[in-house]
Every structure is written in C-alpha cells, then in structure tokens.
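Please open the model in your viewer and keep the sequence beside it, so that each selection can be found in both. The tour goes from stop to stop, saying what to select and what is there.

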Amino acid sequence: MPAVSMAATELPDPILATWLENTGSLTARLKALGGRFEVTLLAEGRTPAAEAGPGWRQGDALWHREVLLKLDGVAWVYALTEVPMATLAAGHIDFRRLGEQPLGEVLFTHPQMRRGPLVVHHYGGQSRPADVARQLGQPATLGLWGRGRQFFLAERPLRVNEVFLPAAQQALGAAK
Ligand SMILES: C=C(O[C@@H]1C=C(C(=O)O)C=C[C@H]1O)C(=O)O
C-alpha cells in the first residue's frame, strides 16, 4: 500500500510507537484490552499490485483483503493484507474463506510462519487509510501512523499493513 514517507522531523507519539513497533499479534493485543473485538470485512479479491512490494512487482496479481478491527463497535485499525497468488495457491491459509475470522488467529498459530521486516509508515491525507477514516467519521487531519509487516508462510511472502485510526489514538491516550 503506497505510504507517504514520513518527514525526518515527524515521529509518532511514544504510546503509539509501542503499538507500531510490536511484532506480536495485534488481534491478541486488542482482545487483551477487553471489550467486544470484531473484524469487519471491507473488501477482498484479486487485483493488480498498485506498486512493487516484498515478493512482487507493480501490476502483479495479488489477493487483497481490507478489514477494520473494532472494539465495542468502534473501528480502531484499518488493515490491508496483500498476498501474492503463489502464496495464496500454496494454501497455507485459506484467505478466500477467512471472512470475518481475524487473520492473526491463523497466522500466528501457523507452524510454518516466519516474521519478516516491519516498516513504520505515515499516511497522508490523500491516502486510502485517510479516506477510510473520513468515511468512518474519524477525519485524520494530521495523517495516520501505521506499519507494514512482512510475513512468510513456508517461505512464501505476504504483507500485512495496519493503520491506527484516530479512535485508537484517542483511546490509547496518544497525542493527536
Ligand atoms: C496479522 C494479524 O491479523 C490482524 C487481522 C487482520 C485480518 O483479519 O485481516 C489483519 C491485520 C491484523 O491486524 C494480527 O493479529 O497481528
């Protein structure tokens, strides 16, 4: 997912930084806060990669999965998962039938899962995450912080992009 690279002077709020840099399951961390956790599926399907990524070129077919992670009905995270067709075809996770089951529940328990690099991103006002935030009534005037995490399933790549929405930043007490 294209991200506006953050200017050198911008740094996330220290509280938010701990969430951005955590390498464990975000699903598990959100569930641990208590309250009702749910996944809302926004869109999924096969589409060409908007830009090159770790293990694919621009234009390559990817399986995209866009979701919201919610606590007590409030959207905290917008997530976009990008799966190359070879990774999808290997069948380690049945993305087509995942539906509203949290990806983390099957990804972090998969015996052949290996974590790859995590990259923190700042998404500007014209980005897809910012559009989603506006549509949710959570306008992000200063942009949004997120991270792209690469994972491997039996050495086949995929990338999970997770963007923290304003409701999450407010609830976590992170400065706007
Ligand atoms: C990768 C994880 O899965 C979470 C669930 C997702 C989904 O259901 O599509 C996407 C991103 C993650 O925040 C995780 O829990 O860390």
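Helices and strands are named here from DSSP runs, a helix needing at least four residues and a strand at least two, and they are numbered from the N terminus. With that naming in hand, and keeping in mind that this is a predicted model, select leucine 26, which is found in helix H2.

**Stop 1: leucine 26**

Is leucine 26 buried or exposed? Its relative accessibility is 4%, and because buried means under 20% relative accessible area, leucine 26 counts as buried. Now show what surrounds leucine 26: leaving out residues up to four places away in sequence, leucine 26 touches Trp19, Leu69, Val77, Arg147, Arg149, Glu162 and Phe164. If you then draw a distance from leucine 26 to leucine 80, the two C-alpha atoms are separated by 13 Å, while along the chain these residues are 54 residues apart.

**Stop 2: the whole chain**

Zoom out and display the protein chain as a cartoon, where you can look for six helices and six strands. Followed along the sequence, these elements come in the pattern α-α-β-β-β-α-α-β-α-β-β-α. The radius of gyration of the chain is 15 Å, close to the 16 Å that the globule rule gives for 176 residues, so the chain is as compact as a globular protein of that length. Turning the view along the principal axes, you will find that the C-alpha trace spans about 40 × 35 × 25 Å.

Switching to a surface view, the accessible surface of the protein chain comes to about 8,400 Å², and 53% of this belongs to carbon and sulfur atoms. Of the 176 residues, 48% count as buried. Among the contacts between residues at least 6 apart in sequence, 64% join residues at least 24 apart.

**Stop 3: the cavity**

Rolling a probe the size of a water molecule over the atoms shows where empty space is left. In this model, a search of the whole structure finds one cavity of 30 Å³ or more, and about 180 Å³ of space lies in the largest cavity. Which residues should you select to find the centre of this cavity? Of the 17 residues that line the largest cavity, the closest to its centre are Thr27, Leu103, Gly104, Val160 and Glu162.

To see which elements form the wall, colour helix H2 (26-31), strand S2 (61-71), strand S3 (74-84), helix H4 (103-107), strand S5 (144-153) and strand S6 (156-164), which are the elements that give two or more residues to the lining. Colouring the lining by class shows 10 nonpolar, four polar and three charged residues.

**Stop 4: valine 67**

From the cavity, move to valine 67, which is found in strand S2, one of the elements that give two or more residues to the lining. Valine 67 is buried, its relative accessible area being 6%. Setting aside neighbours within four places in sequence, valine 67 is in contact with Val39, Thr40, Leu41, Leu42, Val77, Tyr78 and Ala79. A distance drawn from valine 67 to histidine 110 separates C-alpha atoms by 21 Å, for residues 43 residues apart along the chain.

**Stop 5: isoleucine 93**

Next, select isoleucine 93, which lies in the loop between helix H3 (85-90) and H4. Although placed in a loop, isoleucine 93 counts as buried, at 5% relative accessibility. Not counting residues up to four places away in sequence, isoleucine 93 touches Leu103, Val106, Leu107, His110 and Leu153. The C-alpha atoms of isoleucine 93 and leucine 153, which are 60 residues apart along the chain, are separated by 8.6 Å.

**Stop 6: the loop between S5 and S6**

Most residues other than glycine have a negative phi. With this in mind, select alanine 154, which lies in the loop between S5 and S6 and has a positive phi of about 50° although it is not a glycine. Alanine 154 is partly exposed, with a relative accessible area of 29%. Glutamate 155 also has its place in the loop between S5 and S6, and its phi is positive as well, at about 70°.

**Stop 7: alanine 17**

End the tour at alanine 17, found in helix H1 (residues 14-21) and buried, with a relative accessible area of 13%. Draw a last distance, to methionine 113: alanine 17 and methionine 113 are 25 Å apart in space, C-alpha to C-alpha, and 96 residues apart in sequence.

Definitions and conventions: Residues numbered from 1 in each chain as written. Predicted model: local features only at pLDDT ≥ 70, side-chain atom pairs only at ≥ 80, totals over all residues. Heavy atoms only, no water. 1 Å grid on protein atoms, 1.4 Å probe; cavity = no way out; pocket = protein on both sides within 12 Å on 5 of 7 lines; lining within 4 Å. Points joined across faces, edges and corners; volume = space filled by probe spheres on them. Nonpolar A, V, L, I, M, F, W, Y, C, P; charged D, E, K, R; others polar. Rg over C-alpha atoms; globule rule 2.2 N^0.38 Å. Buried < 20%, exposed > 50% of the residue type's maximum accessible area, 1.4 Å probe, protein only. Contact = heavy atoms within 4.5 Å. Areas by Shrake-Rupley, 256 points an atom, 1.4 Å probe, with all protein chains shown as cover.
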